[in-house]
Amino acid sequence: MRRTGRRSFLGSLVAAPLAGGGVPFDDHGPLVIERRRAGKPRAGQVVAAIQPHVDDIPLFAAGTLFKLIEEGATAYMIRVTNDDMAGPGWYGETVSANERDQNAVSRVFGCRQTFDLNYNNHMMDNISRAELRARFIFLFRLLKVDIVISYDPWGRYEENPDHYVTAASVEAACWMAGGGKDYPEHFAAGLKPHAVREKYYFARFDQNVNRVVDIAPWVERKIDVNMENKAQGPAGETGARLRARLEKEGKRLPLLGGDDQTASRNYIREFVLARDRKIGAAYNLDYAEQFHYIAVEPNAVEEYIRRKAVER
């Protein structure tokens, strides 16, 4: 269900009526359709794309990450697990295949650096959340992260523990990274408090949506990055494999064209991006990604001083 709130938005973002109606739900802002912006409005900002698995950001938020990078943000990729439960061969082969994919995905996005935290896939409900939170806090302070893209800690019906443990740890770390007493050893090492200011949270299932990003300008780039997820589906080389299977059966799908590259790209466009078309259709867009978006408000007193203070 999509719901609306009560805050205006900034810049060239376009507020939209809620498709199908809705009811107020919180203070995180009204439904906003975010579109392409000219220039580099995010120059100097840092975005951390945080995914439990190598295919999460490519599937749910690739267009948005490309948009933020185009607008001038510097991107870092953080993968939380080693993906040892999703891919070909023995466990070691699976881990290696997914690591190659992760490096390729980061390269296509143009990320400055990738961090692999290497927790076991599907087992994150058995780890220390305080440890994971501390690792995120360290990275947020080290990289001076302004924006995160990750799973929604309030997304409903999520069954994968890697997703909900990552989401909860990210949310807490975004706040705690700005404190002046948590983990003083960071300050002894030269780091400073640094709270994350904007959060784009996606979900596989139901969530409160207040931000819809028009990703039509980056659809081909989203296909590019999903092509690199070869170890696990549904993207990667699935189209090429389907084309080969149909050939053995004496069949052909015109959608898949006459070569493997075309087959895989068209498979991703038709089936993997079906969710993006469905989201977009609700807002008269060709393709869109949706989020629960949270922006941390500036300190009210300091903002008032900035606007009202006069020289003595």
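**Close-up 1. R265 and D224, a salt bridge between two helices.** In this predicted model, R265 is buried, with a relative accessible area of 16%. Buried means under 20% here, so R265 makes the cut at 16%. Its partner D224 is partly exposed, with a relative accessible area of 22%. The two side chains meet in a salt bridge, 2.8 Å being the figure for another pair further down and 2.7 Å, N to O, the one for R265 and D224. The pair links distant parts of the chain: R265 sits in helix α9 (residues 260–272) and D224 in helix α7, 41 residues apart.

**Close-up 2. K222 and D276, a second salt bridge from helix α7.** Stay on helix α7 (residues 219–227) and look at K222, whose side chain meets that of D276. Their salt bridge comes out at 2.7 Å, N to O. D276 belongs to helix α10 (residues 274–281), so to speak a distant part of the chain, 54 residues apart from K222. Buried or exposed, what are K222 and D276? Both are buried.

**Close-up 3. E198 and R42, a strand held to a loop.** Here the side chains of E198 and R42 form a salt bridge at 2.8 Å, N to O. E198 lies in strand β7 (residues 198–202), while R42 is in the loop between β2 (32–34) and β3 (46–51), so the pair ties together parts that are 156 residues apart in sequence. Both ends are tucked away: E198 is buried at a relative accessible area of 13%, and R42 is buried at 6%.

**Close-up 4. The network around E198 and R42.** Zoom out a little from that pair. Salt bridges that share partners join E34, R37, R42, K67, E71, E198 and R211 into one network. Side chains of opposite charge can pair when their charged atoms come close. How many salt bridges are there in total? The count comes to 25.

**Close-up 5. The whole chain, for context.** The chain has 11 helices and 9 strands. Of its 312 residues, 49% count as buried. About 15100 Å² is exposed, and carbon and sulfur atoms supply 52% of that. Among contacts with a separation of 6 or more, 76% come from residues 24 or more positions apart.

**Close-up 6. Residues 1–25, where pLDDT drops below 50.** The chain averages a pLDDT of 89, and 89% of the residues score at least 70. Over residues 1–25, though, the pLDDT is below 50. Beyond near neighbours in sequence, this stretch has 60 contacts in the model.

Definitions and conventions: Residues are numbered from 1 along each chain as its sequence is written. This is a predicted model: local features need pLDDT of at least 70, side-chain atom pairs count only at pLDDT 80 or more; totals for chains, interfaces and linings use all residues. Side-chain values use heavy atoms; hydrogens and water are left out. pLDDT is the predictor's confidence in each residue, from 0 to 100. Contact means heavy atoms within 4.5 Å. Helices (H or I, at least four residues) and strands (E, at least two) are DSSP runs, numbered from the N terminus. Buried means under 20% relative accessible area, exposed over 50%, partly exposed in between (1.4 Å probe, protein chains only). Accessible areas come from the Shrake-Rupley method with a 1.4 Å probe; for residues, only the protein chains shown count as cover. A salt bridge is a side-chain nitrogen of Lys or Arg within 4 Å of a carboxyl oxygen of Asp or Glu.
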